[in-house]
Amino acid sequence: MRSLLKIPFFLFVFISVFSCRTQQISTPEYGKNMTEVNFKIRKVRNFRTVGNIKNSEGRTLKEEKLYRSANLFRLKPTSFKTIEKLGIKEIIDLRNSKEIAQKPDRLPEGIIYKNESAFEDEGDQLEQARKLVLRGKVNGKDAEKRMLDFYRNYVTEHPEVIRKIITEILESDTPVLYHCTAGKDRTGIITALVLTILRFDNKTINNDYLLSNNYRKKLVNRRLWLAQNLHFMYPKLDISVLEKLSWVQTAYLDAAFNEINKKYGSADRYIQEVLGISEQKREEYILKFTY
């Protein structure tokens, strides 16, 4: 019986490998200076502290203040103690209502949970986009444009929400964990804004942002491998679309800050006028989060 079961599996593997259409897979940008701590928490990806980096004034970001990750839908009760040991008392969920309904966070008791979404999926855009991708109606250039547009819109469409998120992070007296679905795009933008407020230079900010590629490398490569070798299931799928959606690029983050500069003149004006942070308050935050 076991030998009979092996035959269809062998045929499945054979068909999978030899029926695929080989597509070129590009190499993503990776972060170079991995000074922050990555925590191995089961079923939670891209969980790390933002810290141990120096700003333009030579001050070092404290490690125990800011944490970032992907969603906590699969957080196991056995990992609750890790969250407690890190001193995390507040979690800010950057996802929209539909994402949360599908995969709600699992949290220890006593955690303050806040949902602050600056992006609402009106008209079920994400699901419609997914269908178009599988039908081959979206190519790599289309996907990249969508990502660039998302970054531009995220920082300017609902500035009052961005202001609330940033204020809650910087005003907290206890360590804060903020996250989105994958912990790379919305979480990456918010981290970049926080680091900009704390006077970190672009090189340092970009490096922290790109570390999501380092920590998600195994996951994304497995996803791309499956897309290559199970191509017969979705023959019209353009693998470059998966690349554009799965990896982060400095061009994406640049698009967000270029939009800020275009609309407000500079990041400093955005910080003052949109985020409501005066120079005096900014200095207070720098003293609070660095040493």
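In which helix does N207 lie? N207 lies in helix α8, and this briefing follows that helix, an adjoining pocket, an enclosed cavity and several backbone features. The model is predicted. The protein chain contains 13 helices and five strands. Of its 291 residues, 49% are buried.

**The chain as a whole**

- The protein chain exposes about 15,400 Å², and carbon and sulfur atoms supply 54% of that area.
- Among contacts between residues at least 6 apart in sequence, 75% join residues at least 24 apart.

**Helix α8 and its contacts**

- Helix α8 spans residues 202-215 and includes T204.
- T204 has a relative accessible area of 18%; because buried means under 20%, T204 falls in that class.
- Leaving aside residues up to four places away in sequence, T204 touches I53 and K54.
- N207 is also buried, at 13% relative accessibility.
- With residues up to four places away in sequence again left out, N207 touches G31, K32 and N33.
- The C-alpha atoms of N207 and G31 are separated by 4.8 Å, although the two residues are 176 residues apart along the chain.

**The second largest pocket**

- The second largest pocket holds about 260 Å³ of space.
- Its lining consists of 15 residues, and N33, K203, T204, N207 and D208 are those that lie nearest the centre of the pocket.
- By class, the lining divides into four nonpolar, six polar and five charged residues.
- Two of the residues nearest the centre, T204 and N207, are the buried residues of α8 described above, at 18% and 13% respectively.
- N33, which also lies nearest the centre, is one of the residues touched by N207.

**The largest cavity**

- Rolling a probe the size of a water molecule over the atoms shows where empty space is left.
- The count comes to one cavity of 30 Å³ or more.
- About 40 Å³ of space lies in the largest cavity.
- Its lining is formed by L193, T196, I197, F257, I260, A267, Y270, I271 and L275.
- The elements that give two or more residues to this lining are α7 (186-197), α11 (250-264) and α12 (267-274).
- The lining of the largest cavity comprises eight nonpolar residues and one polar residue, with no charged residue.

**Helix α12**

- Which residues of α12 are buried? They are A267, Y270, I271 and V274.
- Seen down the axis of α12, these buried residues fall within an arc of 110 degrees, so they line one face of the helix.
- An α-helix has 3.6 residues a turn, so residues three or four places apart point the same way.
- The cover over the buried residues of α12 includes α6 (159-171), α7, α11 and α13 (279-289).
- A267, Y270 and I271 are among the buried residues of α12, and they also appear in the lining of the largest cavity.
- G276 follows α12 and has a positive phi, near 70 degrees.

**Positive phi outside glycine**

- K43 has a positive phi of about 70 degrees although it is not a glycine.
- K43 is placed in the loop between α1 (2-18) and β1 (48-50), and K43 is partly exposed, with a relative accessible area of 47%.
- N52, likewise a residue other than glycine, has a positive phi near 60 degrees.
- N52 is found in the loop between β1 and β2 (66-69), and at 35% relative accessibility N52 counts as partly exposed.

Terms used. Residues numbered from 1 in each chain as written. Predicted model: local features only at pLDDT ≥ 70, side-chain atom pairs only at ≥ 80, totals over all residues. Heavy atoms only, no water. 1 Å grid on protein atoms, 1.4 Å probe; cavity = no way out; pocket = protein on both sides within 12 Å on 5 of 7 lines; lining within 4 Å. Points joined across faces, edges and corners; volume = space filled by probe spheres on them. Nonpolar A, V, L, I, M, F, W, Y, C, P; charged D, E, K, R; others polar. Helix = DSSP H or I, 4+ residues; strand = E, 2+ residues; numbered from the N terminus. Buried < 20%, exposed > 50% of the residue type's maximum accessible area, 1.4 Å probe, protein only. Arc of directions from axis to C-beta. Contact = heavy atoms within 4.5 Å. Areas by Shrake-Rupley, 256 points an atom, 1.4 Å probe, with all protein chains shown as cover.
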